[in-house]
Amino acid sequence: MLTPMPLDLRIALARAECDLYSNLVTRATGRAVRGQLEHMLSEMEGHRLAVLDFTHVGVLDFSCADEIVAKLLLRFGAGLPAHAEAPSAASYFMFRGLGESHLEALEPVLERHGLALVAEAADGSMQLVGTVDAGELSAWQLVVASGGGELSAIASYADDQSIDLHARLMALARRRLVIQTTAGFHPLRHH
Amino acid sequence: MTTVITVPASLDDVSFETMLQAVADLPGDAKLMIDARHSRWASPYGLIGMLTLAQSRSERPTFMPPEDPNTISYWARAGFLAHAEKLMEFHGTAPKPRKSGESNSLLDVTPIARTEDVQYVVSHIQERSKVIMETLGFPAQSSMGFSVVLSESCQNIIEHAGGPGWVSVQAYDWTKRLGRRVVMIAVSDSGIGFRKSLENRQLPLGADRFDDGGALESAVLRATSRFTDPGRGQGLAGIRRYLGKWDGKLTIRSGTARIGIIPKWADGEPALTKNLPHFPGAQYLMVIPELLPT
C-alpha cells in the first residue's frame, strides 16, 4: 500500500533555517530545502507518495525550482523521460498549491530535463505539468476521468478505441505519473 | 599622481562609458579622484557603476560629491553615499541626507555578497513591486516574475562573479523620451566576468574565437553555464523570457563587450558591441516600460 507523505515546504524551509522568508529563491536555499526533504523522505520505507505543498510559498525562482523539484524528481526517478530507466523502488511525487507564478518558473525547468509532474489544485482537480506528449496526456486524462482501475474500465472512457492504451499507461507508470497495481492503473491521490 | 575622473552631468549606462574610458589604460593601483561636483543626475546603473568602479581599484579612490543640494540629497536617499563612504575617501565631509523629498527608489543601492542578501532583496521589494507594476498597467501576478528576475540577476553575482556586487531598482517617468513610465533594474559586480567564468566550457570552440562578446552570446543567447549540470543556465533564459513578454530591454556588459536584447522602442541600439574599454565583472541593465493599452 502506498503511504502518502505530506511535505510542507514551509517546514522544510524552517528546518533549513531559511524560515525568515517565505520565498524559495537562490540555489543555496534550494539545496538546503532539498536536503531537508530528502531527509524526511529517507525516514519512510517502501513505496511512498510525497505530497509537496507550495501553498505558503511566495516567490519561486528558476534556481530553486531546479534545485528542489527537478533534482528531487531526478534523484527519486519520478517523472523521468519515458526512455529513462526508473529505479525499482517506486517513489511518487505530487505537488499542491502551485500558483501561476510558480508554474512559470517550474515549466521551463521541467522541460529542460524532460521531466513531468502531477499538480493538484485547491479544488482537487489535477494537471500534468512539464514534458508530456499528446498520447501520454490523453491516457493520463482517461485514468483521472475514470478514477483508475482495470485497463478495460479506463478504455471505456476513450473516444478512440484503436489507440494502444496499455502501452501508454505502462509508459506513464514507468514515469511514476500513474500508479500501477495488480488491480490496474490509478491516478496519484493522497486522500 | 592622481587621475581625475569627471562624473558626467547626467550619469547613465551610456555616459558611464566615458568614465571607464578614462580609467581603461591606468594600472589598477593608480590613484583616482572621482569628481562628481557637477553631476546633477544618476541612474541606478550609474550609481552602482561608480561603486563597482571604486571596488575594482586596489587603491581607495577619492570622491568629490555633487555640489547641487538636490542631487546630493537624492544620492543619499538612494543609499549611494552610505556605501560610497566605505569605498572612497570623501573630499570634505560627506553630506547628510535630507529627510524630505520624492524618491523613485523601489530598492535602494544594496550590496549583494551572500545568499541572504538575495533573500532580503526579494522579500523587501515584493510589496512595492506589486504596487508599481500595477500602476504601470501590469497584472498583479507579473510582480512575482519581477521578483524572479531580480533574484536570478543578483544570484549571478554569488554563483559566478567570485566577488561582491550591487543592485538598485528605480521607477522613472520617461514621458518625454518614450511617452511612458519605466522601471529600471541595475545589477553590477567587479568579479571575474562572463568570459573567465565560461572559458573552460568554450575551449573546444577555439580560444581565439572566444572573447568577451562570444562569452556573452553563449550565456545570454544559448544559456551556456560554466557548470556541466544541465539544470544550470536557466536564470538568464528566464530573465530574457520575462523581459520579452513585457517588452522590456536587457543589456549586459562584461569585459570589453555589451550584449543587448533590444525591443522595438529602443530600435537602433546595437545587439552586440565589442571593443569597449575593459571593466571587470558584469553589469546588467533591465528596463521595463509601462504597458500600453491594447
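In what order do the seven strands of the open sheet in chain B lie? In this predicted model, the order is β7-β8-β9-β13-β10-β11-β12, and the pairing is antiparallel. The edges of the sheet are formed by β7 (105-112) and β12 of chain B, each of which pairs on one side only.

Confidence in the prediction may be stated before the details are examined. The model scores ipTM 0.88 and pTM 0.89. For chain B the mean pLDDT is 90, and 93% of its residues reach 70 or more. Where pLDDT is low, the predicted coordinates should not be read in detail.

The part of the sheet that ends at β12 can be followed strand by strand. Strand β10 (residues 249-255) of chain B runs antiparallel to strand β11 (residues 257-261) of chain B, and five bridges join the two. The connection between β10(B) and β11(B) is a hairpin through one residue. Within this pair, B:S254 has B:A257 of β11(B) as its bridge partner. Strand β11(B) also pairs with strand β12 (residues 272-273) of chain B, again in the antiparallel sense, over two bridges. Here B:I259 is matched with B:L272 in β12(B). In a regular strand the side chains alternate between the two faces of the sheet.

Attention now turns to a single residue of chain B. B:T115 belongs to helix α5 (residues 115-135) of chain B. Is B:T115 buried or exposed? B:T115 counts as buried because 20 C-beta neighbours lie inside 10 Å, and 20 is the number at which a residue is classed as buried. Leaving aside residues up to four places away in sequence, B:T115 touches A:T26, A:A28 and A:T29 of chain A, together with B:I158 of chain B. The C-alpha atom of B:T115 is also separated by 9.4 Å from that of B:E159, although these two residues are 44 residues apart along the chain.

Chain A offers an example of helix packing. Helix α5 (residues 134-146) of chain A and helix α7 (residues 165-174) of chain A have axes that come within 9 Å and cross at roughly 90 degrees. Because of this crossing angle, α5(A) is roughly perpendicular to α7(A). On the α5(A) side the contact is made by A:G135, A:E136, A:A139 and A:W140, while α7(A) contributes A:L165, A:R168, A:L169, A:A171 and A:L172. By character, the residues of this contact between α5(A) and α7(A) comprise six nonpolar, one polar and two charged.

Technical notes:
Residues are numbered from 1 along each chain as its sequence is written. Chains are lettered from A and ligands numbered from 1 in the order in which they are written. This is a predicted model: local features need pLDDT of at least 70, side-chain atom pairs count only at pLDDT 80 or more; totals for chains, interfaces and linings use all residues. Two strands pair if DSSP finds at least two bridges between them. Helices (H or I, at least four residues) and strands (E, at least two) are DSSP runs, numbered from the N terminus. pLDDT is the predictor's confidence in each residue, from 0 to 100. A residue is buried if 20 or more other C-beta atoms lie within 10 Å of its own, exposed if 12 or fewer, and partly exposed in between; C-beta atoms are placed from the backbone. Two residues are in contact if their C-beta atoms, placed from the backbone, lie within 7 Å. Axes are lines fitted to C-alpha atoms, for helices over the stretch in contact, and angles run from 0 to 180 degrees between N-to-C directions. Angles under 35 degrees count as roughly parallel, over 145 as roughly antiparallel, 65 to 115 as roughly perpendicular and the rest as oblique. Ala, Val, Leu, Ile, Met, Phe, Trp, Tyr, Cys and Pro count as nonpolar, Asp, Glu, Lys and Arg as charged, and the others, Gly among them, as polar.
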